[in-house]
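Here is a short report for a reader meeting this structure for the first time. Please look over the sequence and the model before reading on.

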Amino acid sequence: MASKDWPRSSRPVVMGTHHMVSAGHYLAAAAGFRILEAGGNAIDAGVAAGLCINVTQADLTNLGGVAPLMTYRADSGTLESISGLGWWPKAASIEFFRREQGGRIGRGIHRCVLPSAVDAWLTALERHGTMTLAEVAAPAIELADDGFPMYDIMLGTLSTSGALDAMGSWPSTRAIFLPDGKPLPIGSRVVQKDLAKTLRRLGEAERGAMSREAGIRAARDRFYTGDIAEQMVRFSQQQGGWLTLEDLAEFHVEVETPVKTTYRGYEVYACGPWCQGPVVLQTLNILEGYDLAGRDRFDAEVYHLILEALKAAFADRDRYYGDPRFVDVPIDGLLSKAYAAAWRDRISASVASPGMPEPGDAWCFSTRQERGPSRWQFPAPKDGPVEPDTSYLCVIDRWGNAFSATPSDGVTSTPVVDGLGFIISSRGMQSWLDPDHPSYLAPGKRPRLTPSPGMVFKDGRLFMPYGTPGNDVQPQAMVQFLVNLIDYGMNPQQAIDAPRCATFSFPRSSDPHPYTPGLAHLEGRVDPSVPEALLRMGHDLRMWPEWTKAAGSLGAIKVDREHGTLHGAADLRRVAYAVGR
């Protein structure tokens, strides 16, 4: 199947002249659009849509979970990332999990890190929004209070044996999501009254404030130091957890300048190495050295090069990435073009690496010096389960501002706080219990996060926010989307629809960090000669269904400067939709 013969996209590209939202759930997209129509900007609409995703995709995301995001202000040209990632409580320790959980970070209260999504949403709203929290939270409150229809993707997540066993053991979760001992059927209302009350309480905290910003800070204070904080701590400690009022009072998200690379004239931005965002940039740097456009996009050779470049970046992810406040990360070396060229010298155009390759020496390409010798060791193969992932949303408004966010942490991993309707972030599952690994567990340290939103610029001007859920597939889907768009000239919906591949030839991010050397997957909408050729090259290839939610759920909004329009797209692999005017 030649690139030029790629069929008409599954959905129309949603085009508008004013504003656009693409979100992982259609009701969240509608809520963001509602805020834009009411005069809000992209940040107002992004926070509104994000809060709605916390309601409508509670199986994958949560108000008490994580929410890394990016904001772009057109008036100042300022691009920021907001970490939206919590750290471990002071009392957490590797020894506990070794002693009490057999060397696992199991489901339950002990994998909880500090809840960060609320701080991320409110930080973005305070810094760059125009509306109050009460205004942007109104759609989410309605959805939580009145309910929304149960749908197939959510039902599937809640119905796995591991999820049912865990949720069934937590009365506070069971009452909401398993009211009769099993998940609600498709089409029935999912109602979250306590979550609606919590959102109202945050809005009430704004009343009487001297300014919009002061009101948002008052809402944040109520969550992290007030009565809501006290309820979280009381519940955690009743469950045997580690959370304290001191932990919550000291927590804050970090506002940073995103890391970037260039790819064929485009500037591609990602969050820093506290998440896996730089994997996208590293992979693009490697692929830039190949004439992809001169090859058929759907030939085995192109899939092979993408898989091998991803393997290289994932090897470096395992060796180097971690919370930069605790570990040295040679990010300039990892993102240098010379380092990518060194990786290309190690990649065969016809033979697959049998497992994860040895990481490169990024310190040789860095201007910094490693403060101590690494004790990282090459991983051994390992089996283990993989838990549910994430969602995504992006917005562009009529003024050219943009918002890109990847919220996560669902209700199947740790119990809902009784009376509050949300969980405390379970993201601790993405830490390691090996003190020699760069993402080892430590008090006050952030796990290495999988959610990682992106933005793309062209000639210094906004081109596109984009991103996807998918756990370790996230950067893989994002890379292929950009290759489809930039190298092969597909429109955004075609670039999302095109059949994806993914490698799993690396330790996966979530405990127990399974590693299957050589394993790769490919969606079934390719010519039969493609998987046959990949198998001959040495890939341990397994075929996905023709359309699979395991391949991610991309969303994007492209700016067409020639015509002054916006092109929105969303992935049919799940329940994502784009809407605009």
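## Surface and burial

The accessible surface of the protein chain in this predicted model amounts to about 19,300 Å². Carbon and sulfur atoms account for 50% of that surface. Of the 581 residues in the protein chain, 66% are buried.

## Overall dimensions

Measured out along the principal axes, the box filled by the C-alpha atoms of the protein chain is roughly 65 × 60 × 50 Å. The radius of gyration of the protein chain is 22 Å. For 581 residues, a compact globule would have a value near 25 Å, so the two agree.

Contacts in the protein chain often link distant parts of the sequence: among those between residues at least 6 apart, 74% join residues at least 24 apart.

## Secondary structure and the sheet

The protein chain contains 19 helices and 19 strands. Seven of the strands form an open sheet in the order 7-4-3-11-10-2-19, and the pairing is antiparallel. Strand 7 (255-256) and strand 19 (577-580) are the edge strands, each pairing on one side only.

At one of these edges, strand 7 is joined to strand 4 (residues 78-82) by two bridges, and the two strands run antiparallel. Ser-81 has Glu-256 in strand 7 as its bridge partner.

## Helices on the sheet

Which strands does helix 1 lie across? Helix 1 (residues 26-37) lies across strand 2 (20-23), strand 10 (393-396) and strand 19. The direction of helix 1 is at about 160° to strand 2.

Helix 2 (residues 42-56) also packs on the sheet. The strands touched by helix 2 are strand 2, strand 3 (69-73), strand 10 and strand 11 (402-405). Between the directions of helix 2 and strand 10 the angle is about 160°.

## Cysteines

How many disulfides does the structure hold? The count is zero. Cys-394 is in no disulfide, and the nearest cysteine sulfur, which belongs to Cys-271, is 14 Å away. A disulfide needs two cysteine sulfur atoms within 2.5 Å.

Is Cys-394 buried or exposed? Cys-394 has a relative accessible area of 0%, so this residue is buried. Cys-501 has a relative accessible area of 2% and is therefore buried. The cut-off behind both statements is a relative accessible area under 20%.

Technical notes. Residues are numbered from 1 along each chain as its sequence is written. This is a predicted model: local features need pLDDT of at least 70, side-chain atom pairs count only at pLDDT 80 or more; totals for chains, interfaces and linings use all residues. Side-chain values use heavy atoms; hydrogens and water are left out. Two strands pair if DSSP finds at least two bridges between them. Helices (H or I, at least four residues) and strands (E, at least two) are DSSP runs, numbered from the N terminus. Contact means heavy atoms within 4.5 Å. Axes are lines fitted to C-alpha atoms, for helices over the stretch in contact, and angles run from 0 to 180 degrees between N-to-C directions. The radius of gyration is taken over C-alpha atoms; the globule rule is 2.2 Å times the number of residues to the power 0.38. Buried means under 20% relative accessible area, exposed over 50%, partly exposed in between (1.4 Å probe, protein chains only). Accessible areas come from the Shrake-Rupley method with a 1.4 Å probe; for residues, only the protein chains shown count as cover.
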